[in-house]
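Reader: I am new to protein models and would like to learn how the words used for them are justified. Could we go through one together, slowly?

Author: Gladly; here it is.

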Amino acid sequence: MSGAGPDTRLVHAGSAPRPGVRTVNPPIQRASTVILPDAKALYDGAHVTYARVGLQPRDSLCEALAELEGAKGVHLYPSGLAAMTGVLLALLKAGDEVLVCAHAYRPTRLFCDRVLTRFGVAVRHYPQTASPDEVLAAAGTATRLIVLESPGSLTMEMQDIPAIARLARDRGALTVMDNTWAAGLLFKPLAHGVDVSVQALTKYAGGHSDVFMGSAASNDEEVLARLEAGMSEVGWSVSPEDAYLILRSLRTLPVRMAQHGQSGVAIAAWLRDQPEVLEVLHPALPGARGHALFTRDFSGPSGLFSFVLRPASQAAVDALLDALQVFGLGFSWGGHESLAISCDPQRPRSGDYPGPLMRLHVGLEAPADLIADLRRGLDAFAAAA
Ligand SMILES: *Cc1c(COP(=O)(O)O)cnc(C)c1O
């Protein structure tokens with residue numbers, strides 16, 4: 001820059017790279033543009049030439065998630081829903097058919113019904129409680145992909161994932177599992193034969209209710225190449241700050257999950273004994289639906305579950321929620337704070353449970369305080385019923 005004028009010097013001052021000191025965590029590299037060493041490097045393919053999909057700490061997060069998922073490769077998407085839709089877009093084409101479980105996360109189902117169908121992909125649904133043979137019996141000759149989610153969103157049904165994955169593979173259909181409930185920690189889809197493990201990192205991996213991101217992990221080189229092509233053709237990118245937040249939270253995922261799970265099961269067991277509650281839908285609870293599959297396949301519980309109240313008016317349900325002081329009323333979950341919602345307006349069908357369906361996310365507060373809060377809510381429910 002010798003002889004350059006003040007404006008040019010201002011544009012370039014301080015931009016020379018410095019050898020970094022070694023820190024515990026990777027640096028945050030903010031960049032769209034990557035400066036290449038010479039003219040040949042612009043087009044030689046061996047260099048990172050643009051920062052949309054790379055750089056630290058995004059690469060570091062992918063490495064850590066590959067470790068968590070037992071995967072050869074991981075791709076990051078700007079939200080959990082974007083991860084699911086990105087995988088489906090990358091792996092399906094016009095003329096294919098996709099089989100989707102009925103209690104998949106609702107926006108995933110809506111994407112299949114409203115968007116994939118516009119691009120010539122046929123969509124079939126199968127009941128969440130279908131046996132592996134029944135799932136495959138629902139497949140047509142054009143079925144290329146089966147969407148799995150276990151426990152199912154809101155209603156927590158368990159699927160026999162290893163058996164479905166095995167049968168799907170025999171038929172040449174790919175399996176994609178939304179594994180957000182288990183956070184890549186409590187259940188390992190890839191080790192159980194699933195082709196792509198998707199999670200909303202927004203939930204437990206992020207863990208603090210302040211960031212959106214999603215991931216897709218696989219061990220299949222061809223699938224990973226198709227996902228990578230899908231990423232760059234559609235143009236997703238995640239911010240380095242967001243990736244940093246997820247990576248930071250990932251370090252404490254096992255200790256947080258142990259607490260969420262332990263408190264969640266304690267509260268589920270308490271709820272089951274309350275006179276206002278008909279049924280608790282938490283597969284980790286002994287005697288609950290899906291418990292046998294859960295203990296066979298999962299290494300532990302998370303803090304998200306649902307319960308069915310005695311039949312009552314919407315006003316009584318609202319009275320329960322409005323009486324809560326520790327549980328916040330809010331969607332999403334997986335953060336340090338407890339949350340409660342009523343579920344019926346979101347469900348594909350109502351009437352499959354005899355009373356109102358509620359969902360809780362049990363956070364890191366003391367279980368005794370959460371139980372006192374729920375008792376306060378149930379008292380208000382009983383008074384209004
Ligand atoms: C929240 C959620 C998603 C979507 O994640 P976002 O980051 O909010 O887009 C996907 N699947 C499940 C099961 C979820 O609970």
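Reader: How many bridges join β2 to strand β3, and in which sense do the two run, parallel or antiparallel?

Author: Keep in mind from the start that this is a predicted model. Five bridges join β2 to β3 (residues 122-126), and the two strands run parallel. Two strands count as paired if there are at least two bridges between them, so five bridges meet that condition. For a place to look, find E97, which stands opposite A122 in β3.

Reader: Why is strand β2 called largely enclosed by the rest of the structure?

Author: Buried means under 20% relative accessible area. In β2 (residues 97-101), five of the five residues are buried, so the strand is described as largely enclosed. Both of its faces are covered: E97, L99 and C101 are buried on one side, and V98 and V100 on the other.

Reader: And what makes β5 largely enclosed?

Author: The reasoning is alike: five of the five residues of β5 (residues 174-178) are buried, so the rest of the structure largely encloses that strand. L174, V176 and D178 point one way from β5, T175 and M177 point the other way, and all are buried.

Reader: How do you know that β4 and β5 are paired?

Author: The condition is at least two bridges. Strand β4 (residues 143-149) is joined to β5 by five bridges, so they pair, and they run parallel. One of the places to check is L148, whose bridge partner in β5 is M177.

Reader: D178 was in β5. Which residues come nearest to the ligand?

Author: D178 is one of them: of the 13 residues around the ligand, G80, L81, D178, T202 and K203 come nearest. By class, the shell has five nonpolar, five polar and three charged residues.

Reader: What makes the approach of D178 to the ligand a polar contact?

Author: A polar contact needs a pair of N or O atoms within 3.5 Å. A nitrogen atom of the ligand is 2.6 Å from an N or O atom in the side chain of D178, so this pair qualifies. Two further pairs can be set against that cut-off. A backbone N or O atom of G80 lies 2.7 Å from an oxygen atom of the ligand, and a polar side-chain atom of T202 lies 2.5 Å from an oxygen atom of the ligand. As for cover, the protein hides 91% of the 380 Å² of accessible area that the ligand has on its own.

Reader: Why is S218 called buried?

Author: Its relative accessibility is 0%, and the limit is under 20%, so S218 counts as buried. S218 lies in strand β7 (residues 214-218). A polar atom of its side chain lies 3.1 Å from the backbone nitrogen of D220.

Reader: How far apart are S218 and A71 in sequence and in space?

Author: They are 147 residues apart in sequence, yet 5.3 Å apart in space, C-alpha to C-alpha. Leaving aside neighbours within four places in sequence, the contacts of S218 include A71, K72, G73, L190, D195, V223 and L224.

Reader: What makes β8 and β10 edge strands?

Author: Five strands form an open sheet in the order β8-β9-β12-β11-β10, with mixed pairing. The edge strands are β8 (277-281) and β10 (328-329), as each pairs on one side only.

Reader: In which sense do β10 and β11 pair, and over how many bridges?

Author: β10 and β11 (residues 339-342) pair in the parallel sense over two bridges. Since at least two are required, that number is enough, and so they count as paired. G328 has L339 as its bridge partner in β11, and L329 stands opposite A340. By contrast, β11 and β12 pair in the antiparallel sense over four bridges, where the bridge partner of A340 in β12 is L360.

Reader: Where does S338 lie, and why is S338 called buried?

Author: S338 lies in the loop between β10 and β11. Its relative accessibility is 1%, which is under 20%, so S338 counts as buried. Its side chain also makes a polar contact with the side chain of E365, at 2.7 Å.

Reader: Which residues of helix α11 are buried, and what covers them?

Author: In α11 (residues 314-323), the buried residues are A316, V317, L320, L321 and A323. Their cover includes β9 (304-309), β10, β11, β12 (357-361) and α12 (367-384).

Notes. Residues are numbered from 1 along each chain as its sequence is written. This is a predicted model: local features need pLDDT of at least 70, side-chain atom pairs count only at pLDDT 80 or more; totals for chains, interfaces and linings use all residues. Side-chain values use heavy atoms; hydrogens and water are left out. A residue is near a molecule or strand if one of its heavy atoms lies within 4 Å of it. A polar contact is a pair of N or O atoms within 3.5 Å; within protein, one must be able to donate a hydrogen and the other to accept it, and residues adjacent in sequence count only if both atoms are side-chain atoms. Accessible areas come from the Shrake-Rupley method with a 1.4 Å probe; for residues, only the protein chains shown count as cover. Ala, Val, Leu, Ile, Met, Phe, Trp, Tyr, Cys and Pro count as nonpolar, Asp, Glu, Lys and Arg as charged, and the others, Gly among them, as polar. Buried means under 20% relative accessible area, exposed over 50%, partly exposed in between (1.4 Å probe, protein chains only). Contact means heavy atoms within 4.5 Å.
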